[in-house]
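Here are some exercises to try with a protein model open beside you. Attempt each task before reading its solution, and take the steps one at a time.

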Amino acid sequence: MSASHFRSQAAFPRTRLRRNRVDGWTRRLVAEHTLTVDDLIWPVFVIEGQNRREPVASMPGVERLTIDLLIEAVGEAGNLGIPCVALFPVVGSEGKSEDAAEAYRPDNLMNRAIRALKTAVPDVGILGDVALDPYTTHGHDGILRDGYIQNDETVEVLARQALSQAEAGVDIVAPSDMMDGRIGMIRDRLDAGGHERVRICSYAAKYASAFYGPFRDAVNSGSFLKGDKKTYQMNPANTDEALHEVALDLQEGADMVMVKPGLPYLDVIRRVKDAFAVPTFAYHVSGEYAMLRAAAQNGWLDYDKALMETLTGFKRAGTDAILTYGAVDAARLLKRG
């Protein structure tokens, strides 16, 4: 709204803005943004084995699950109305290599989990992470040579990885690597393989952030990481660059775009949504989630209230969907009203 619009409003006491805050039903009636369970995507971690769960120490409330237990958990999430889960594999040392060949092996952990979930819980969508950091001995998202990530070689491996996930039955592939040109090659490979209905959610504006630490613990990549990811993930100081990244990915065939992390980049989310008016996702990342949990454990804030306020903030910024480790918590709160 323009400043002139606000100046045209009647002044106090004829205008009393608190009148619309008096009752709960009034507040709901005039709410400008609404969070629903349909806005939630739940990131989950899968490990090898049977009937095993491993708590992630740096992410209270989050567990790594074997496929059998993951099926149960995703089924419960689906019963709460959560439409989609984001799947991340925890790869042991035996699955890591310099060339990340395990990433596209047809029977790797990720692809077995995809097939099992689509068989057992077919109505819950699966967003599959397409990135090499769980599979490399150096913890980077690409092929490392002479201290530098090789862009075009990495894109070739990512395309093979995305195709293998599509063949396993994934609904959405989500390249999170930030290599140039990967969306176009992945789209071409998917279409050539008869997977034109598989969607691409591009991590289009992914920043080189300090908020990823707990996630790297969860997928067993942090201890392997050599150096940092600043040569391919974005500079936190830049917002115009994010618009260029999004524009290129949309031109190459992305169906949805994501901004990551979330809370420190609400301005970027708003700019992306205003500029492109396409499905825009945000990732409420591990460090952001862990801060809420840690503060709540110390009695410094109410986790439930802070979580819902945070997720509503994402909606206010313009997101269509939110990846959050608190998705199940939020779904239960929404169900209770």
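Two strands count as paired if DSSP finds at least two bridges between them. Keep in mind throughout that this is a predicted model.

**Exercise 1. Strand neighbours**

Task: Find out in which sense β1 and β4 pair, and over how many bridges.

Solution:
- Step 1. Look at β1 and β4 together: they pair in the parallel sense, over six bridges.
- Step 2. Pick out one bridge: Val-46 has Pro-89 of β4 as its partner.
- Step 3. Now turn to β5, residues 125-130, which runs parallel to β4 and is joined to it by four bridges.
- Step 4. Here too one bridge can be named: Ala-86 is partnered by Leu-127 in β5.

**Exercise 2. Two sides of a strand**

Task: Sort the residues of β4 by the way they point, and decide whether they are buried or exposed.

Solution:
- Step 1. Start from a general idea: side chains in a regular strand alternate between the two faces of the sheet.
- Step 2. Apply this to β4: Cys-84, Ala-86 and Phe-88 point one way, while Val-85, Leu-87 and Pro-89 point the other way.
- Step 3. Check the cover: six of the six residues in β4 are buried.

**Exercise 3. A helix and its surroundings**

Task: Describe helix α3 and what its buried residues pack against.

Solution:
- Step 1. Helix α3 covers residues 67-79, 13 residues in total, and reaches 18 Å from its first C-alpha to its last. That is close to the 18 Å expected at 1.5 Å a residue.
- Step 2. List its buried residues: Ile-67, Leu-69, Leu-70, Ala-73, Val-74, Gly-75 and Ala-77.
- Step 3. These buried residues pack against the strands β1, β2, β3 and β4, and against the helices α4 and α12.
- Step 4. Zoom in on Leu-70, which lies in α3 and has a relative accessible area of 0%. Beyond its neighbours within four places in sequence, Leu-70 is in contact with Val-44, Val-46, Leu-65, Leu-87 and Leu-117.
- Step 5. Compare sequence with space: Leu-70 and Ile-47 are 23 residues apart along the chain, and their C-alpha atoms are 9.3 Å apart.
- Step 6. Look just past the end of α3, where Gly-81 takes a positive phi of about 100°.

**Exercise 4. Cysteines without a bond**

Task: Explain why Cys-84 is not bonded to the closest cysteine sulfur.

Solution:
- Step 1. Begin with the whole structure: a search finds zero disulfides.
- Step 2. Recall the cut-off: the two sulfur atoms of a disulfide must be within 2.5 Å.
- Step 3. The closest cysteine sulfur to that of Cys-84 is in Cys-201, at 8.8 Å, so the pair is too far apart for a bond.
- Step 4. Consider the cover as well: Cys-84 is buried, with a relative accessible area of 7%, and Cys-201 is buried with 0%.

**Exercise 5. The whole chain**

Task: Work out how the radius of gyration of the protein chain compares with the globule rule.

Solution:
- Step 1. Take stock of the elements: the protein chain has 12 helices and 12 strands.
- Step 2. The radius of gyration is 21 Å, close to the 20 Å given by the globule rule for 337 residues, so the chain is as compact as a globular protein of that length.
- Step 3. Add the burial: 53% of the 337 residues are buried.
- Step 4. Finish with contacts between residues at least 6 apart in sequence: 75% of them join residues at least 24 apart.

Note on methods. Residues are numbered from 1 along each chain as its sequence is written. This is a predicted model: local features need pLDDT of at least 70, side-chain atom pairs count only at pLDDT 80 or more; totals for chains, interfaces and linings use all residues. Side-chain values use heavy atoms; hydrogens and water are left out. The expected span of a helix is 1.5 Å times one less than its number of residues. Buried means under 20% relative accessible area, exposed over 50%, partly exposed in between (1.4 Å probe, protein chains only). Contact means heavy atoms within 4.5 Å. The radius of gyration is taken over C-alpha atoms; the globule rule is 2.2 Å times the number of residues to the power 0.38.
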